[in-house]
Amino acid sequence: MRTRKLAETALLAATALIIYIVEAQIPSLTNIPGIKLGLSNTVTLFAMYTVGTGQAVCVLVIRVLLGTFATGQVMSLIFSAAGGTISFAVCALLKRVFPIRMIWVVSIFGAIGHNIGQIAAAVLVTGTWEIIYYLPVLIISGVFTGTFTGLAAQFAVKRMGKNDC
Amino acid sequence: MRKHMGRTACLIISMLLLLSGCGGEGSTGASEEFFAMDTYMRITVYGDDAEEMAEEAKDEIERIEALLSITGESEIAVINAEGEGDVSDETRGVLERAIEIGKLTEGAFDITIYPVVDAWGFFSGDYRVPDEEEIGELISHTGIENISISDDNSVTFAQQGMGIDLGGIGKGYAGQRVHDLLADYGVSSALMELGGNVCLLGAKPDGSLWRVGIMSPFDDSERIGVIEAEDVSIVTSGGYQRYFMEDGVVYHHIIDPSTGFPADNGLASVTVVCSDGLLADALSTALFVMGEDGACSFWKENGGFEMLLVTDDERIIVSSGVADFFQPEDGYITEVVSR
Amino acid sequence: MKLYLKSWFWVIFFALVCCCCFVIYLLPKGGNGYVGVYQNGELICSFDEEELNEDRELVIEYMGGTNTISISEGSVSITQASCPDGDCVRHGPLEPGGTPIICLPNRLVIKYIDETKNDDVDAVSGDVK
């Protein structure tokens, strides 16, 4: 059983990492280095709905740490951690309310939370509250990326189900 | 389901309200801008009937100008032309105060310096440098002790060739009159800018202090700092305000009554903060004539006003009562004098 | 039948959120002609409209990193940055009402500022013009 969990977590973390690294190549929306769309949230959501919240945390932590090493930006560790934590907290809470066919809603809130977390971190790091000007853009982008990652996670969960993983 | 719809609607409505709330805020003021007393004036009144009040204020200033100016048919112009004349109670009051301040400042403020200033051309604009002999002759006909006011409001000069000019207090007096008039009407916030004299009625409409910049005597596009105040007059006098050059020498309009020449006692400008506009106006001139040491000791001996001196070598000296309300611009260091 | 389990409800909800955000984004963002350069949240220099018309370049250093700020034809932009991503360079010129230029690695922010808040006076004493 433990081996199975280990394998699941490793597989999911690897997938998340790949998405994360690919995402790092997409030009940023904001002119603020380190702030990302949060596409790897697909995997976190998938993990949450299939293998459970506990393992999903592991996937997230591994992805954030390894992702920082892979892209080589210390700054992005702060943003990834801030965005990832808030996003995860939001998703974990909403998961209790929303069934699988509504994962996309959970995902959008998660994505918005992810972006708010990153903005908050950027404001704290630079001491410049003007960064909040990017918030409307990031909320809109959160809605779109959230829908996209949410639907992806939703289909994946439906197709693969709990036992096929 | 109804409940959810309600909440969503509330959310959307409150968002819209937030957005619309970013517009301008209330507190309307009305301004009157006009030329009077040989300068540009602007009076801004806040509160109910602001427009009407600003109009009243303008009328009051024009009334005072007709009373005190040295031109036209004013009571003062008649006395200067005839050597004697009858005055109204109001003009008498202003004259008496001018004489009183003249005594207090030991002649540093002198309304009888008029013929000397006239000889320099500061009234006509035909500037010239009179020779020492001419000034000596003119200055012998000055001195407030040579004015006598009888009980029936008749003013006479003790000597021939005398004249008086209330220009050094006219704007200050006008500002104070308008201040009192508006206060009587129940106005609680107004700003009177009378050609460089600033008179404040109450605080700003939002209750905060007015911010009054103090012009730099060295550069007319700069300020030396800002004074925050309420319900006072802030008057600045400096040689930079009117001057002419001849043979490379600058001659400014503040004539030292003791010499007949432009005051040259190390000060570039003097700002006086005082709840009496007339006193503020007169003292700004008097302290300029006295120079740094004279002004400081005058302030120590006499209460009732605060001052800010700018010296020719760009130092700022503020009296302790205004020091906390003065913010100098970058690069200026202030010295505080205390009693 | 719970409303929050209906897809159409969320579609409308997020559409409204997007609209609101878009409107907020279009709102003018403070400032009145002064451009301020901030490092670590502190104003290190500012330019008024007159100074913006003098073309020049200046290099700002931070912990070994540099940014070159260039002022030309009345607009400010970062033309060189020591950091690898160069997002601040890609931002292009600073526009009134637009987003600020931010260089996170060098803790640099360039934005329009509201100088009047601190500097504006109600009247000037001694101004006889």
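This note goes through a predicted model point by point, from chains B and C to single residues and then to the empty spaces.

1. **Chain B, overall.** Chain B has 339 residues, and 52% of them are buried. Its secondary structure consists of 9 helices and 17 strands. Contacts with a separation of 6 or more are dominated by long reaches: 57% of them join residues 24 or more positions apart. The exposed surface of chain B is about 15700 Å². Carbon and sulfur atoms supply 47% of that surface.

2. **Chain C, overall.** Chain C has 129 residues, with 43% buried. There are 4 helices and 8 strands. In sequence order they run α-β-β-α-β-β-β-α-β-β-α-β. The chain therefore opens with a helix and ends with a strand, helices and strands being DSSP runs numbered from the N terminus. Of the contacts in chain C between residues at least 6 apart, 35% join residues at least 24 apart. The accessible surface is about 6700 Å². Carbon and sulfur atoms hold 53% of it.

3. **Ser216(B), a loop residue.** Ser216(B) lies in the loop between strand S8 (210-215) and strand S9 (223-229) of chain B. Is Ser216(B) buried or exposed? It is buried: the relative accessible area of Ser216(B) is 2%, and the cut-off for buried is under 20%. The side chain of Ser216(B) comes to 3.3 Å from the backbone nitrogen of Asp219(B). Beyond four places in sequence, Ser216(B) is in contact with Glu222(B), Arg223(B), Ile224(B) and Tyr332(B).

4. **Asp38(B), an unusual backbone angle to check.** The phi of Asp38(B) is positive, about 65°, although the residue is not a glycine. Asp38(B) sits in the loop between strand S1 (29-36) and S2 of chain B. Its relative accessible area is 66%, so Asp38(B) counts as exposed.

5. **Asp247(B), with a positive phi.** Asp247(B) is not a glycine, yet its phi is about 50°. This residue belongs to the loop between strand S11 (243-246) and strand S12 (249-252) of chain B. Asp247(B) is exposed, because its relative accessible area is 75% and the cut-off is over 50%.

6. **Val59(A), in a helix.** Helix H3 (residues 53-71) of chain A contains Val59(A). The relative accessibility of Val59(A) is 1%, so this residue counts as buried. Which residues does Val59(A) touch, leaving out those up to four places away in sequence? They are Thr9(A), Leu12(A), Ala13(A), Ala16(A), Val43(A) and Ala47(A). One of these partners, Val43(A), is 16 residues away along the chain. The C-alpha atoms of Val59(A) and Val43(A) are separated by 8.3 Å.

7. **The largest pocket: size and centre.** Rolling a probe the size of a water molecule over the atoms shows where empty space is left. The largest pocket holds about 1200 Å³ of space. Its lining comprises 42 residues. Which of them lie nearest its centre? Those are Asp165(B), Gly167(B), Gly168(B), Lys171(B) and Arg242(B).

8. **The largest pocket: what builds the lining.** Five elements of chain B each give at least two residues to the lining: strand S2 (39-46), helix H2 (50-68), helix H7 (167-184), strand S10 (233-238) and helix H8 (277-301). H7(B) provides the largest share, 4 residues. By class, the lining has 19 nonpolar, 15 polar and 8 charged residues.

9. **Cavities.** How many cavities of 30 Å³ or more does a search of the whole structure find? The search finds 3. The largest cavity has about 80 Å³ of space. Its lining has 12 residues. Nearest its centre are Gly38(A), Ser40(A), Asn41(A), Arg63(A) and His114(A).

10. **The largest cavity: what builds the lining.** In chain A, helix H1 (2-24), helix H4 (74-95) and helix H5 (103-126) each supply at least two lining residues. The largest share, 3 residues, is from H4(A). The lining of the largest cavity divides into 2 nonpolar, 7 polar and 3 charged residues.

Methods. Residues numbered from 1 in each chain as written. Chains lettered and ligands numbered in written order. Predicted model: local features only at pLDDT ≥ 70, side-chain atom pairs only at ≥ 80, totals over all residues. Heavy atoms only, no water. Buried < 20%, exposed > 50% of the residue type's maximum accessible area, 1.4 Å probe, protein only. Contact = heavy atoms within 4.5 Å. Areas by Shrake-Rupley, 256 points an atom, 1.4 Å probe, with all protein chains shown as cover. Polar contact = N/O pair within 3.5 Å; in protein donor to acceptor, adjacent residues only side chain to side chain. 1 Å grid on protein atoms, 1.4 Å probe; cavity = no way out; pocket = protein on both sides within 12 Å on 5 of 7 lines; lining within 4 Å. Points joined across faces, edges and corners; volume = space filled by probe spheres on them. Nonpolar A, V, L, I, M, F, W, Y, C, P; charged D, E, K, R; others polar.
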